[in-house]
Protein chains: 2
Amino acid sequence: MVVGFEKSVSATKSVPSSAKKTLSSDSVINFARGDPTMYESYWKRLGERCTVVISGNDLMSYFSDAEKVCWFLMPELDHAIRRLHRVVGNAIADDDRFIVVGNGSTQLFQALLYALSSPNEPEPISVVAAVPFYSSYPEETEFLCSGLYKWAGDAYSFDKDGPYIEVVTSPNNPDGAIREAVVNREGGKLIHDLAYYWPQYTPITSRADYDVMLFTLSKATGHAGSRIGWAIVKDKEITTKMVKFIELSSIGVSKESQLRAAKILGVISDDCQNSGPNREENFFEYGQRLMSERWEKLREVVKRNGVFSLPKYPQDYCNFIGKYTDSNPAFAWLKSKDGVNCDNLLREHKLVTRCGTNFGVGSKYTRISMLSPDEEFNLFLERLSAIQGPPMERLIVKG
Amino acid sequence: MVVGFEKSVSATKSVPSSAKKTLSSDSVINFARGDPTMYESYWKRLGERCTVVISGNDLMSYFSDAEKVCWFLMPELDHAIRRLHRVVGNAIADDDRFIVVGNGSTQLFQALLYALSSPNEPEPISVVAAVPFYSSYPEETEFLCSGLYKWAGDAYSFDKDGPYIEVVTSPNNPDGAIREAVVNREGGKLIHDLAYYWPQYTPITSRADYDVMLFTLSKATGHAGSRIGWAIVKDKEITTKMVKFIELSSIGVSKESQLRAAKILGVISDDCQNSGPNREENFFEYGQRLMSERWEKLREVVKRNGVFSLPKYPQDYCNFIGKYTDSNPAFAWLKSKDGVNCDNLLREHKLVTRCGTNFGVGSKYTRISMLSPDEEFNLFLERLSAIQGPPMERLIVKG
């Protein structure tokens, strides 16, 4: 059984990223979650430009655009999403595609399972993803014991005939790899989760053009608390079923969040399109620089202490940044060189991470959020530096 | 099969309540949905008092209060909900009860199905409600073909042994009746949906004190677009499972909406507690007066044209208003006296309503929203007045 978003953090009391407490050398710090609070300082810098003001009588109706398939999507957000993808060049979101907004891409993933399955099939459709896969996919697929779909594990070892759904996460969570579908058989339906396909995490090499693509504000801009995700969908029937799912699950999506997301995405696009002489660093340039600095520091520490290894990513030309850039994933996928339980080792140093077993692989791997605030990230590096190899006892137990 | 929230409106193009279009005598008007836009003018009157201002760097983390069971509930909203129930006197929400916030009470209803069922049972638990029941319960229970729970229809005719879940909606949607559980057998678990247990709809006769109670901002204040519902729960284990459901479904609930809901509920409580000499009508007094006026007008029209009948409700002492008041439900539950299809008859007069068959009863009933804007409500009365009995052809076909 896969542990969830919140409860994977052990019984130890730990400092959540959101708590503005002073960290001490005793504080247990939680890197198990991908809470993207790192971006707060950027948005603070922008001052009033992203502020939204909502009066008591605003946004009261259930409906946003009753004539549209996705009747709860606000036109402002629809417009801002399409524009941002055009500006960044990371996905095709032209007017012939449908946009579906959801309560995070989490809800949209489940809307897709519903939309891509059918109650008329003799058995539930298999849902697979290549290991290591996002730790929440199995539980999100299984928790309601649906007769429509069932989790079937690692796509590499999937050998059942008939229809199936493969989730392709690229860049991948947890390991940052650029991925393609691996099953490639007839009857396969693909969900492309592109939550991390933004310039701060990976070079933008082409405009993605898959049947269904998922994005989320949490990872794009850091506004996780808003619970806004979106899907870009080619097929009208699939869109209609997704909308039905969201209607039955939550009768739409917070308009306050939609309004704010539209505002923030609009400001990002404005800044990206500003080519004036006094232009400031835009959001993605900022993010790319910050992530790049963090990864450089992390690689240095990992190299120095010799206990762990990190994946290597090829450089590639980023169409958005306009030069060759590195991949700087939102998570570090740490592997212990001598095969010890990585998670346990880090917990001894008061670092809570998410063990590899949650992602369908062994405990010599663990996932660490790279999106925590500066103070936490620096403490993480400091503590990681202090690990000089496994203590003797552990080697003995292991041996 | 039960039709859903949006698609029950026939293929006719109709004016959604949210569209600020000018109504003409040709406009088809939709009363099938309970879009509570009627309250807009009240909130407009309050001016800046309910305005929220959200900066770009606000509300970014997933977490609201990581130490609490419901870690995504903002403390401000928790406080505002408990205070409002204390001020109104409609439910016990003391500190020993848990509050769970959801994406509308729709999501919380499903969270409860999950929390009150178990994957270890030999078969799915039966979910029942007494007819006429809220039209979305069956579909929300069935659409994912869950192995945990299944819709078992009318509570009055439920005779299966073993555990079951009964939904008790009081005042009831669609017919406004005050209800109690009807099955009353061992192993029964109750969900009390108290969405309409507010002074504008019904006399508040006591503080409700059930195991689980559902409320929603949509019906309490009219802010349907915010998608905020809440549950008051006695048991910690049930709370924990509900939180798990919401975590897996949507990783929490929009903070923008929570912040705004907290503000609005706070202003309502302030006004209710204001006993100064220059005090203005508070929100519930306003709502009660408006609903009472609408119901009076409707009863007059219905009496005059002689084609329909409406339920009768006993007067009762409302602890909040401080005098005997009538029930003024959010929906009119219209019955045709001669048994014709009520929905069809009204559609001939360009009024779209929700047919009784959606609520588990016959087509001689239909449900009409009483919460539309003034202009629409007046047109509704006008058109209803014009119905002078079934045309001859219909009587002939029927005979």
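Me: Is B:Glu121 buried, partly exposed or exposed?
Reply: B:Glu121 is partly exposed, because its relative accessibility is 45%. Buried means under 20% relative accessible area, exposed over 50%, and partly exposed in between, with a 1.4 Å probe and protein chains only. This is a predicted model, where local features need pLDDT of at least 70, side-chain atom pairs count only at pLDDT 80 or more, and totals for chains, interfaces and linings use all residues. Residues are numbered from 1 along each chain as its sequence is written, chains are lettered from A and ligands numbered from 1 in the order in which they are written, and side-chain values use heavy atoms, with hydrogens and water left out.

Me: OK, and where does B:Glu121 sit in chain B?
Reply: B:Glu121 is in the loop between α3 (104-115) and β4 (125-129) of chain B. Helices (H or I, at least four residues) and strands (E, at least two) are DSSP runs, numbered from the N terminus. The C-alpha atoms of B:Glu121 and B:Asp374 are 50 Å apart, with these positions 253 residues apart along the chain.

Me: Switching to cysteines: how many disulfides are there over all chains?
Reply: Zero, after a search of the whole structure. To count, a pair of cysteine sulfur atoms has to be within 2.5 Å.

Me: Why no bond for A:Cys342?
Reply: The closest cysteine sulfur, in A:Cys355, is 8.2 Å from the sulfur of A:Cys342, so it is too far for a bond. A:Cys342 is buried, at 0% relative accessibility.

Me: And what about B:Cys355?
Reply: Its closest cysteine sulfur is in B:Cys342, 8.2 Å away, which is too far for a bond. B:Cys355 is buried too, with a relative accessible area of 10%.

Me: How does chain B lie on chain A?
Reply: A turn of 180 degrees and a shift of 0.0 Å along the axis lay chain B on chain A with an RMSD of 0.0 Å. The two copies are therefore related as by a two-fold rotation axis. The same surface serves both copies, as 100% of the contact residues of chain B recur in chain A. The superposition is by least squares on the C-alpha atoms of residues with pLDDT of at least 70 in both, and contact means heavy atoms within 4.5 Å.

Me: Which domains does chain A get?
Reply: Domain 1 is 7-43 + 283-398 and domain 2 is 56-273; such bounds come from an automatic or database domain assignment. Their C-alpha centres lie 26 Å apart. The contact takes 34 residues from domain 1 of chain A and 34 residues from domain 2 of chain A.

Me: Now helix α2 of chain A. How many of its residues are buried?
Reply: Ten of the 14, so α2(A) is largely enclosed by the rest of the structure. Among the buried ones are A:Leu77, A:Arg82 and A:His85. The cover includes β3 (98-103), β8 (212-216), β9 (228-233), α7 (255-273) and α8 (283-305) of chain A.

Me: What comes just after α2(A)?
Reply: A:Gly89, with a positive phi of about 75 degrees.

Me: Which residue other than glycine has a positive phi near 50 degrees?
Reply: A:Cys145 is one of them. It is in the loop between α4 (136-142) and β5 (149-154) of chain A, and A:Cys145 is partly exposed, at 31% relative accessible area. A:Arg227 also has a positive phi, of about 50 degrees, without being a glycine, but A:Arg227 is buried at 3% relative accessibility.

Me: Last one: where's the cis bond before A:Pro171?
Reply: From A:Ser170 to A:Pro171, with omega near -10 degrees. A:Pro171 lies in the loop between β6 (164-169) and β7 (188-193) of chain A.
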